[in-house]
Amino acid sequence: MAGDNGWAASASAWIADMGTRGDYARRHVLDAPMLARIRGRGFRDALDVGCGEGRFCRMLRTEGISATGIEPTAPLCAEAKARDPGGNYLQAMAEDLPCADGSFDLAVSYLTLIDIDGIEAAIPEMARVLRPGGSLLIANLNSFNTAGGWRDRPEGRVFEIDDYLRARPEWVSLRGVSIRNWHRPFSRYMELLLATGLRLVHFEEPAPTGGDAARGARYRRVPYFHIMEWRKG
């Protein structure tokens, strides 16, 4: 993640918005299926790439997994350390992970691929730090989502997709956070992941569970997220 992507300026707003539990999408759409891929699998140590204020690292530690968080934005990395003094948090880039080959059973990218400029370097780095038999667990915004948006039309509010095949950075503003995200066609992520030699063993587009039904309705109309697990060796 390089250049002015808005994260440093938005760090305080992000920390306030996430609180300790995370936003609706994390708590009611992604957390349960992400943890379901982790529990009871014997993972001992994990790398959380783009850990932000450390929320998912703390969840991994609660599951008995030793977690290392990688975060390039200084205020977010500092907040992660303050909230979890016993944890291990490093200020570093996803494109150049400060970890030896085969250091982890599990690598996690929880809604971070869209933030990474150098995805061509970052995905091979995530594969490199895995031990044989280890897993890369990804939650990402669906590429239909990043190429589209809700529009008011005479027939009602609809979700429209345009310019899908052109990869591009776009600025997104929400609840005081203004950051640069990437839209990439899903095929680009797949090309890069397949090139690492990792094997896809799980894919899903999770629906919301619990929480406010009105807020969850949009996540049922449009595939906002997907979860993938890729295994090494």
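Helix axes are taken here as lines fitted to C-alpha atoms, for helices over the stretch in contact, with angles running from 0 to 180 degrees between N-to-C directions. In this predicted model, the axes of helix H5 (residues 119–128) and helix H7 (residues 186–195) come within 9 Å and cross at roughly 45 degrees. Because angles under 35 degrees count as roughly parallel and those from 65 to 115 as roughly perpendicular, H5 and H7 are oblique to each other. The crossing of H5 and H7 is right-handed. On the H5 side the contact is made by Ile-119, Glu-120 and Ile-123, and on the H7 side by Arg-188, Tyr-189, Leu-192 and Leu-193. By class, this contact between H5 and H7 comprises 5 nonpolar and 2 charged residues, with no polar ones.

A second helix pair is formed by helix H1 (residues 7–18) and H4, whose axes come within 9 Å and cross at roughly 35 degrees. From H1, the residues Trp-7, Ala-8, Ala-11, Trp-14 and Ile-15 meet Pro-75, Leu-76, Glu-79 and Arg-83 in H4. The contact of H1 with H4 divides into 7 nonpolar, no polar and 2 charged residues.

The structure holds 10 aromatic pairs. One of them joins Trp-7 and Trp-14 in an edge-to-face arrangement, with 5.0 Å from centre to centre and 80 degrees between the planes. Trp-7 has a relative accessibility of 8% and therefore counts as buried. Trp-14 is likewise buried, at a relative accessible area of 14%. Both tryptophans also belong to the set of H1 residues that meet H4. Elsewhere, Tyr-24, Trp-150, Phe-159, Tyr-219, Tyr-224 and Phe-225 form one aromatic cluster.

Helix H3 (residues 55–62) is mostly covered, with 6 of its 8 residues buried. The buried residues are Arg-55, Phe-56, Cys-57, Arg-58, Met-59 and Leu-60. The elements covering them include helix H2 (24–36), strand S1 (45–49), strand S2 (66–70), helix H4 (74–83), strand S3 (88–90) and strand S4 (104–110). H4 thus appears both in the cover of H3 and in the contact with H1. H3 is followed by Gly-64, which has a positive phi near 85 degrees.

Positive phi values also occur in residues other than glycine. Asp-163 has a phi near 55 degrees and is placed in the loop between strand S7 (156–161) and strand S8 (168–174). With a relative accessible area of 35%, Asp-163 is partly exposed. Arg-175 has a phi near 50 degrees and is placed in the loop between S8 and strand S9 (177–183). Arg-175 is partly exposed as well, with a relative accessible area of 46%. The loops holding Asp-163 and Arg-175 thus both adjoin S8.

Arg-220 is found in helix H8 (residues 213–221). At a relative accessibility of 58%, Arg-220 counts as exposed, because the cut-off for that class is over 50%. Leaving aside neighbours within four places in sequence, Arg-220 is in contact with Ala-207 and Pro-208. The C-alpha atoms of Arg-220 and Val-29 are separated by 10 Å, although the two residues are 191 residues apart along the chain.

Terms used: Residues numbered from 1 in each chain as written. Predicted model: local features only at pLDDT ≥ 70, side-chain atom pairs only at ≥ 80, totals over all residues. Heavy atoms only, no water. Helix = DSSP H or I, 4+ residues; strand = E, 2+ residues; numbered from the N terminus. Parallel < 35°, antiparallel > 145°, perpendicular 65-115°, else oblique. Left-handed = near helix turned anticlockwise from the far one by under 90°. Contact = heavy atoms within 4.5 Å. Nonpolar A, V, L, I, M, F, W, Y, C, P; charged D, E, K, R; others polar. Phe/Tyr/Trp six-rings, centres within 6.5 Å; stacked < 30°, edge-to-face > 60°. Buried < 20%, exposed > 50% of the residue type's maximum accessible area, 1.4 Å probe, protein only.
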